[in-house]
Amino acid sequence: MDVCSFIKAALAQDENTIRSFFHKDAYVNWHCSNEHFTVDEFIIANCEYPGDWDGTVERVEVIGDLFITVTKVYPQDRSVYFHVVSFIRTANDKITSMDEYWADDGNPPQWRIDKHIGTPII
């Protein structure tokens with residue numbers, strides 16, 4: 001499975017292409033908001049999400065039939081940034097399950113800034 005093409009389709013909110021990557025009985029879990037979706041529900045949540053989106057795949061690891069991806073996601077105006085870590089299980093080149101963890105990118109908390117610890121990654 002071409003996981004980067006799947007992510008590109010998801011960012012483009014391309015319903016038909018997204019659907020082509022999934023097994024008919026697959027599911028998606030968004031753990032940070034405690035939501036479980038069927039494929040049809042995931043496509044609604046993804047494709048009807050407001051705005052136009054873009055992103056960059058920063059890392060892909062493959063362990064057997066499991067793809068682990070890290071993607072930086074942002075609206076096209078780049079007003080905010082998110083990182084999503086996805087655990088994508090496949091069988092016969094189709095997604096059977098996907099567990100995602102979304103995080104808002106932002107500054108460290110003030111207490112760590114006050115301690116003068118850590119440096120920016122980039």
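This passage describes the salt bridges found in a predicted model.

Side chains of opposite charge can pair when their charged atoms come close. With a cut-off of 4 Å between a side-chain nitrogen of Lys or Arg and a carboxyl oxygen of Asp or Glu, the count comes to five salt bridges.

A good place to start is helix α2, which covers residues 15-20. Here Glu15 pairs with Arg19, and their closest N and O atoms lie 3.3 Å apart. The two residues are four positions apart in the helix, so about one helical turn separates Glu15 from Arg19. Both ends of this bridge are partly exposed: Glu15 has a relative accessible area of 38%, and Arg19 has one of 33%. The pair also belongs to a wider arrangement, since Glu15, Arg19 and Asp40 are linked in a network of salt bridges.

A further bridge joins the strand region of the chain. The side chains of Arg89 and Asp65 meet with an N to O distance of 2.8 Å. This pair connects distant parts of the chain, the residues being 24 positions apart. Arg89 sits in strand β5 (residues 82-91), while Asp65 lies in the loop between β3 (53-63) and β4 (66-75). Arg89 is partly exposed at 35% relative accessible area, and Asp65 likewise counts as partly exposed, at 34%.

Lys24 and Asp25 supply another example, their side chains forming a salt bridge at 3.3 Å, N to O. Both Lys24 and Asp25 are exposed.

Methods
Residues are numbered from 1 along each chain as its sequence is written. This is a predicted model: local features need pLDDT of at least 70, side-chain atom pairs count only at pLDDT 80 or more; totals for chains, interfaces and linings use all residues. Side-chain values use heavy atoms; hydrogens and water are left out. Buried means under 20% relative accessible area, exposed over 50%, partly exposed in between (1.4 Å probe, protein chains only).
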